[in-house]
Amino acid sequence: MEPSASPGAKATIEFDDRTPRLFLIATVVWALVAMAVGTLVASQLNWWKMNFDLEWLTFGRLRPLHTNAAIFAFVGNMMFAGIYYSTQRLCKCRTASDRLSKIHFWGWQLIIVAAAITLPLGLTRGHEYAELIWPINIAVAAVWVVFGVNFFWTLARRNERSLYVALWFYIATIITVAMLYIVNHLQIPTSWTHAYPVFGGVQGALVQWWYGHNAVAFFLTTPILGIMYYYLPKAAGRPVYSYRLSIVHFWSLVFIYIWAGPHHLLNTDLPKWLQLLGMFFSLMLWAPSWGGMLNGLLTLRGAWHKLRTDPVIKFFAVAVTFYGMATFEGPLLSIRSVNALSHYTDWTIGHVHSGTLGWNGFMAAGLIYWMAPKLWGTKLYSKNLANIHFWLGLVGILLYVAAMWVSGIMQGLLLNATKEGGTLLVYPEFVETIQKIQLPMFARLCGGLLYLVGFVLLAYNFFMTVRQGKPVDETREVVLLERGRGRRGHDTMTFSETFRNDPVVYTLLGVLFMLLWFFMPPYGNLAALAVALTLSYMAVQKFQAGHGAWSRWYDRLLENWMPFSILTFVAVAIGGAVQIIPAVTVNAAKNIEGHLQTPYTPLELAGRDIYVAEGCYNCHSQMVRTLVREVQRYGDYSRIGDSIYDHPVQWGSKRSGPDLAHEGGKRSHGWHYNHMLDPRMIEGSTMPRYPWLFEKKADFKSLPKKIAVMRRLGVPYEPMTANVIRDKAERQALEIAKTLREDDKIFIEHDRQIVALIAYLQKLGTYEDVEGEGGGTPGLLKPDVPDNYRGPKVSAR
């Protein structure tokens, strides 16, 4: 486009289609990697020998690689391809900076490669979906800023006055992911490859799942919804069914989604009010989610006949259907009674994969089949292969999800089964339930293999399409837009005009009084509810009396990307602030419920870092929930004070093995030694062996730096010199080696990693009994248990 062209004149622009092409190629490549690793880790849950006795191929190290590859490599690249292609067409201009686009693409691929190298090496933060070490975190943030700058710069240069629906979802994605990523990844480094997160204990768990849940919401959902709103109408040749419904869908989704993270922590130490808040907003998600699904499916009205012949429509239609299924199941699993059964089981795994593979995977396939012919100026190589892929993928994901439903519900029921009278468990050993679910676990593997084979066919079809075509950059004639002028000649929307208007004022006041209704004491809460209902009634009256004034204001808002983006940030920030700020500012040391965790000794801290590096949190939780059957199985329920000094917290989200919250002192040093050497000492165990722990030396040299960081984080270590710290670790290691030698005739050098790990395992559940102290702020940091319930007494060790 000529730089000197005047507003109102016509100009021919050439879109930057090279960037979408690169991201599309990366999508196909990383999809195969992510799914191949997923198939391997699924086989490891059936046959322990598939770990190959290699430290960098164990389940604990590969599972984070699988999740990161699926989310950030596969879906991430697909998302970027779809956004770069559609944004240019919706804005009627070329992407603002080709250089920033190149930095974004190559920077993102380098991040993925760095993750693929570091995670199998055991370099991890120990937080689900946030395992990457701090130098990579900084790179992710930097590349995301590059992406955001390029996107918003393009919006500012657009030649289309109004922002289309898809762009709304892209804006929400860029803003919210940045906020979530930065807060959750606050940490203090101890070396170039290791750091401790700032938040620990219950605060760390809350921040982690505020991020973890909303990473799914704003990385795997909102950008894909934007892609749906652009590509589904394009493929169907039909307009979006309802523009009004899309408005309701967007604003209700971005506001409500951010509140739902606590439903990952139901029946735990998390304060009761946060658990109820998470469940309440999760149930509310049913409405906007299904509104979006129906808007997508009803867009196909008049185009359903294309299902017979067009594989793109097949994939899009099933993807949107899976979106509806997953967003129905999610709120269902957030109901506390249902969650008591489903959490820590394969039911949750099935739910996650119905969203990732059913919703994201099928949207990705449809996008690839639609974009590839256009970007390379040719026809799809083979529709028959695409149709075969469709049926393989559909059967595969249905088999996968059904197997996980059976496995999860079965295991949940087995773990809760009691003998007559209800005082004894039918299956007291956790491994007994693992043996019972081997068949559905194998069915899961078969479903995953079918899905993988389908994507192998896609890859072949894609690269043959590329081979028979040649890269094409679309050119288009557009009318240049006058900067700073709206549709009717108005000036750019001011901040005052953005916020001082009825829609925003009534919404913010309504939210405020609804929060007061939730938090205020009796009678005060009823008054707040009455005010909130009155405001709602007044807002409806204003809307009806305005004769389209609210619609005209919204039309103006859509012509101004910055005010729109600010309102989007406010919508998502409210929920985060209400949840996070009280939890992280209240002095947690005063809210310990009678238990105060004993800080780890230097050797135990070294052992904990080994535990985290091996990814043990992927199979073992450290959280006994406030449920009778869990207390019967594992001992007293966990208290806030039990993990107050844990950075990172290791509560976990899936149990492929028993909970370890009270593991310390239950078994001898020799038992732990032999178990790590050969877990088959427990019949039916699928845990891998860890022979390298008996050969590699523990890292004592870094302990002074780690202790120093822990002190900065509030762990009450006494002042110690580096020599004293290392000496303490040496002496405790020598004592453990001596006990192994004398009690079990086991001879091992005291500086081996297994010795440090044993020290850590024997520390789990150790606390100082301060019953009657530390009541703290009533209800603010208190889990949902009866005030007079103490459970079976576990002595302080």
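**A walk from one surface residue to the whole protein**

Asp744 has a relative accessibility of 30%, so this residue counts as partly exposed. That label fits because partly exposed covers the range between buried, under 20%, and exposed, over 50%. Keep in mind as you look around that this is a predicted model.

Where does Asp744 lie? Look for helix H26, which spans residues 722–744. Now bring some other side chains into view: Asp744 joins Glu735, Glu742 and Asp743 to form a negative surface patch. The patch is called negative because Asp and Glu count as negative.

Next, let us turn to another part of the surface. Find helix H18, made of residues 502–519, and pick out Leu509 in it. Is Leu509 buried or exposed, or partly exposed? With a relative accessibility of 34%, Leu509 counts as partly exposed, because its value falls between the 20% and 50% limits. Leu509 also belongs to a patch, this time a nonpolar one, together with Val505, Leu512, Leu516 and Met520. This nonpolar surface patch covers about 350 Å².

Now step back and take in the whole protein. You can trace 27 helices and 6 strands in it. Along the principal axes, the C-alpha atoms fill a box of roughly 90 × 65 × 60 Å. How does the radius of gyration sit with the idea of a compact globule? For 797 residues, such a globule would have a value near 28 Å, and the protein has 28 Å, so the two agree.

Finally, think about what lies beneath the surface patches you have visited. Of the 797 residues in the protein, 61% are buried.

Notes:
Residues numbered from 1 in each chain as written. Predicted model: local features only at pLDDT ≥ 70, side-chain atom pairs only at ≥ 80, totals over all residues. Heavy atoms only, no water. Patch = residues over 30% accessible without salt bridge, like charges linked within 9 Å, V, L, I, M, F, W, Y side chains within 5 Å. Areas by Shrake-Rupley, 256 points an atom, 1.4 Å probe, with all protein chains shown as cover. Salt bridge = Lys/Arg side-chain N within 4 Å of Asp/Glu carboxyl O. Charge placed at Lys NZ, Arg CZ, Asp CG, Glu CD. Helix = DSSP H or I, 4+ residues; strand = E, 2+ residues; numbered from the N terminus. Buried < 20%, exposed > 50% of the residue type's maximum accessible area, 1.4 Å probe, protein only. Rg over C-alpha atoms; globule rule 2.2 N^0.38 Å.
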